[in-house]
Amino acid sequence: MPQSKSHQDPGRRPEQVGPYRLEKPLGQGGMGSVWRAWDERLKRQVALKRFRPDVEISGLRERFLREARATAALKHPSIVHIYDIVEQDSDEWIVMELVEGETLERLLRIQKTLPVSQILDIGRQIAEGLAEAHAHGILHRDLKLSNVMVNPAGHVKLLDFGLAKRFLLEEESSAPDEQLSRPGMLLGTVHAMSPEQVQGHTLDARSDLFSFGSLLYGILTGLPPFHATTSLATLVQILSHEPRPIAEVRPEVPPELSD
């Protein structure tokens, strides 16, 4: 059966997706792209995330739609809001809140180091967002610098629940989840993984908290707690390496926070 035009040319994009007029690209990743768009019905700026139809990974489309379903259930100021899902020409688009600002990754590239007081405020907002997700039985599973936005007022938004998964309130059958996250199939960014992710174990909220600790370590010191010359060596470090205490790397960090 011949493919649709959309699948033949994954780089092509329409001018209009449902009632949303695309304006300019905001980012491109391995699994999709994000665009700034104008909602012609409600007269507001939004962001549209497009699943890449040319990526052939089993269960990827289901995982993409899982992001929308999981995040749409969460109503918290620290979590990006999902508005809609639109299917057009065999492509799926997630319509979400447009967040102005910088990712933590870019913010650190610009400023090099952040004051401890600012990091504490950012950390508090991330923790509150995670607590809301966990209260709804949802894990993030890929908490990293590029998935945290900080707007000009200092407000934090957690992005990209593309690896999100219900862990307590799962209402679906186990079959789809086995396809999405089989034992031995690593999902997530190497530096953001918890030991149980590395080992392919069943995850709960503690996995996100480990990743949160790694993120805080990184923004406090400017160095990831686990980093080696190869991805495999980094995974081994996560399982066995004890990072230097933060207070040794940055003495002005309060001992309670370092601990």
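In the predicted model, six strands form an open sheet in the order S1-S2-S3-S4-S6-S5, with antiparallel pairing. Strand S1 (16-17) and strand S5 (82-88) occupy the edges; each has a single partner strand, so one side of each is left without a neighbour in the sheet.

The pairing may be followed across the sheet from S1. S1 and strand S2 (residues 20-28) are joined in the antiparallel sense by two bridges, and Gln16 has Arg21 in S2 as its bridge partner. S2 in turn runs antiparallel to S3, to which seven bridges join it; here Tyr20 is matched with Asp39 in S3. Strand S3 (residues 32-39) and strand S4 (residues 44-51) pair in the antiparallel sense over eight bridges, one register point being given by Arg36, whose bridge partner in S4 is Ala47. Ala47 also has a bridge partner in S6, namely Met96, and S4 and S6 are paired antiparallel over five bridges. The order ends with S5 and S6, which are antiparallel and share six bridges; Val86 stands opposite Trp93 in S6.

Two hairpins within the sheet contain a residue of positive phi. The hairpin of S3 and S4 has four residues between the strands, and Lys43 takes a positive phi near 55°. In the hairpin of S5 and S6, two residues lie between the strands, and Asp89 adopts a positive phi near 50°.

Burial was examined for two of the strands. S3 is mostly covered, with six of its eight residues buried. For strand S6 (residues 91-97), seven of the seven residues are buried, so the strand is largely enclosed by the rest of the structure.

Among the helices, H7 (residues 205-221) was considered in terms of its length, its burial and its C-terminal continuation. At 1.5 Å a residue, the 17 residues of H7 should span 24 Å, and the 25 Å between its end C-alpha atoms agrees with this expectation. H7 is mostly covered, 13 of its 17 residues being buried. The helix is followed by Gly222, whose phi is positive, near 80°.

H7 also contributes to a pocket. The second largest pocket has a volume of about 550 Å³. It is lined by 20 residues, of which Glu105, Leu145, His191, Gly218 and Pro224 are the closest to its centre. Helix H3 (104-111) and H7 are the elements that give two or more residues to this lining, and the largest share, four residues, comes from H7. By residue class, the lining of the second largest pocket divides into eight nonpolar, eight polar and four charged residues.

An aromatic contact likewise involves H7. A pair of aromatic rings is described by the distance of the centres and the angle of the planes. The count for the model comes to one aromatic pair. The ring centres of Phe210 and Phe226 are 6.0 Å apart and the planes lie at 10°, under the 30 degrees required, so the pair is stacked. The pair links distant parts of the chain: Phe210 belongs to helix H7, whereas Phe226 lies in the loop between H7 and helix H8 (231-240), and the two are 16 residues apart. The partners fall into separate burial classes. Phe210, at 28% relative accessibility, counts as partly exposed, because this value lies between the limits of 20% and 50%. Phe226, at 5% relative accessibility, counts as buried.

A further contact between separated parts of the sequence involves helix H4 (residues 116-135), in which Gln125 is found. Gln125 is buried, with a relative accessible area of 7%. The C-alpha atoms of Gln125 and Val156 are 6.2 Å apart in space, although the two residues are 31 residues apart in sequence.

Technical notes
Residues are numbered from 1 along each chain as its sequence is written. This is a predicted model: local features need pLDDT of at least 70, side-chain atom pairs count only at pLDDT 80 or more; totals for chains, interfaces and linings use all residues. Side-chain values use heavy atoms; hydrogens and water are left out. The expected span of a helix is 1.5 Å times one less than its number of residues. Buried means under 20% relative accessible area, exposed over 50%, partly exposed in between (1.4 Å probe, protein chains only). On a 1 Å grid over the protein atoms alone, a cavity is a set of points where a 1.4 Å probe fits but cannot get out, and a pocket is an open set with protein on both sides within 12 Å along at least five of seven lines; lining residues have an atom within 4 Å of a point. Grid points are joined across faces, edges and corners, and a volume is the space filled by probe spheres set on the points. Ala, Val, Leu, Ile, Met, Phe, Trp, Tyr, Cys and Pro count as nonpolar, Asp, Glu, Lys and Arg as charged, and the others, Gly among them, as polar. Two strands pair if DSSP finds at least two bridges between them. Rings of Phe, Tyr and Trp (its six-membered ring) pair if their centres lie within 6.5 Å; planes under 30 degrees apart count as stacked, over 60 as edge-to-face and the rest as tilted.
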